[in-house]
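Please read the following notes alongside the model, point by point. They begin with a single residue and move outward from there.

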Amino acid sequence: MYKRDIAIEKRNRENPMARKPALILHYPFKLISKDNERIRNRAGRYFVSAKYRDFEAKVRLYTRKQYRGDPLREGVKLSIIAYFKDKRHGDVQNLFKGVCDALQGYVYISDRQIQEAKIERVYGEREGFEV
């Protein structure tokens, strides 16, 4: 056995998440920021816009089509690749929040289960995102 293989074996024993299989979900529509879609009413309370509620419902619909299992109960590593046609979009943290909230209850029980997170922006000809 090579030294590299021994190191991987050791890492897998020490970190149970390192050996979990990956689940890849594809969404063919633009990722939007949750904070940019928050609106304040006359009483000063925040509520989420209809545009964001529709986005969240669409994410859940596509999630149910691609993942039919029960929500995961253990820790989760989350990686998001967001594809944009131009540079007009929310900041990375707010993009991440929207996806995490939409997947809650479908892929994992609570977003508190997320132990490691990564988001990447890619500019090109298509829009959409992968989780």
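1. Apart from neighbours within four places in sequence, Ile 80 is in contact (heavy atoms within 4.5 Å) with Leu 31, Phe 96, Val 99, Lys 118, Ile 119, Glu 120, Glu 130 and Val 131. Ile 80 lies in strand E4, and at 0% relative accessibility it counts as buried, where buried means under 20% relative accessible area, exposed over 50% and partly exposed in between, with a 1.4 Å probe and protein chains only. One of these partners, Lys 118, is 38 residues from Ile 80 in sequence, yet the two C-alpha atoms are 6.2 Å apart in space.

2. On provenance, this is a predicted model, in which local features need pLDDT of at least 70 and side-chain atom pairs count only at pLDDT 80 or more, while totals for chains, interfaces and linings use all residues. Residues are numbered from 1 along each chain as its sequence is written, and side-chain values use heavy atoms, with hydrogens and water left out.

3. The chain holds 3 helices and 6 strands, these being DSSP runs numbered from the N terminus (helices H or I, at least four residues; strands E, at least two). From the N terminus on, their order is α-β-β-β-α-β-α-β-β. Of the 131 residues in the chain, 31% are buried, and among contacts between residues at least 6 apart in sequence, 79% join residues at least 24 apart.

4. Helix H2 covers residues 50–66, and its 17 residues reach 24 Å from the first C-alpha to the last, close to the 24 Å expected at 1.5 Å a residue, the expected span being 1.5 Å times one less than the number of residues. Tyr 52, Phe 55, Glu 56, Val 59 and Thr 63 of H2 are buried. Seen down the axis of H2, these buried residues fall within an arc of 95°, so they line one face of the helix; the arc is that of the directions from the helix axis to the C-beta atoms. Lys 51, Asp 54 and Lys 65, on the other side of H2, are exposed.

5. Thr 63, in helix H2, is buried with a relative accessible area of 1%. Leaving aside neighbours within four places in sequence, Thr 63 is in contact with Leu 25, Tyr 27, Leu 103, Tyr 106 and Val 107.

6. The largest nonpolar core (a set of buried Ala, Val, Leu, Ile, Met, Phe, Trp, Tyr and Cys residues joined through side-chain atoms within 4.5 Å) has 25 residues, of which Phe 129 and Val 131 touch the most other members. H2, strand E4 (76–84) and helix H3 (92–103) each supply at least two residues of this core, and H3 gives the most, with 6 residues.

7. A search of the whole structure finds 9 aromatic pairs, for which rings of Phe, Tyr and Trp (its six-membered ring) must have centres within 6.5 Å, planes under 30 degrees apart counting as stacked, over 60 as edge-to-face and the rest as tilted. Tyr 27 and Phe 129 form a stacked pair, at 4.6 Å centre to centre and 15° between the planes. This pair links distant parts of the chain, with Tyr 27 in strand E1 (residues 26–27) and Phe 129 in strand E6 (residues 128–130), 102 residues apart. Both Tyr 27 and Phe 129 are buried, and ring pairs link them with Phe 29, Tyr 52, Phe 55 and Tyr 62 into a cluster.
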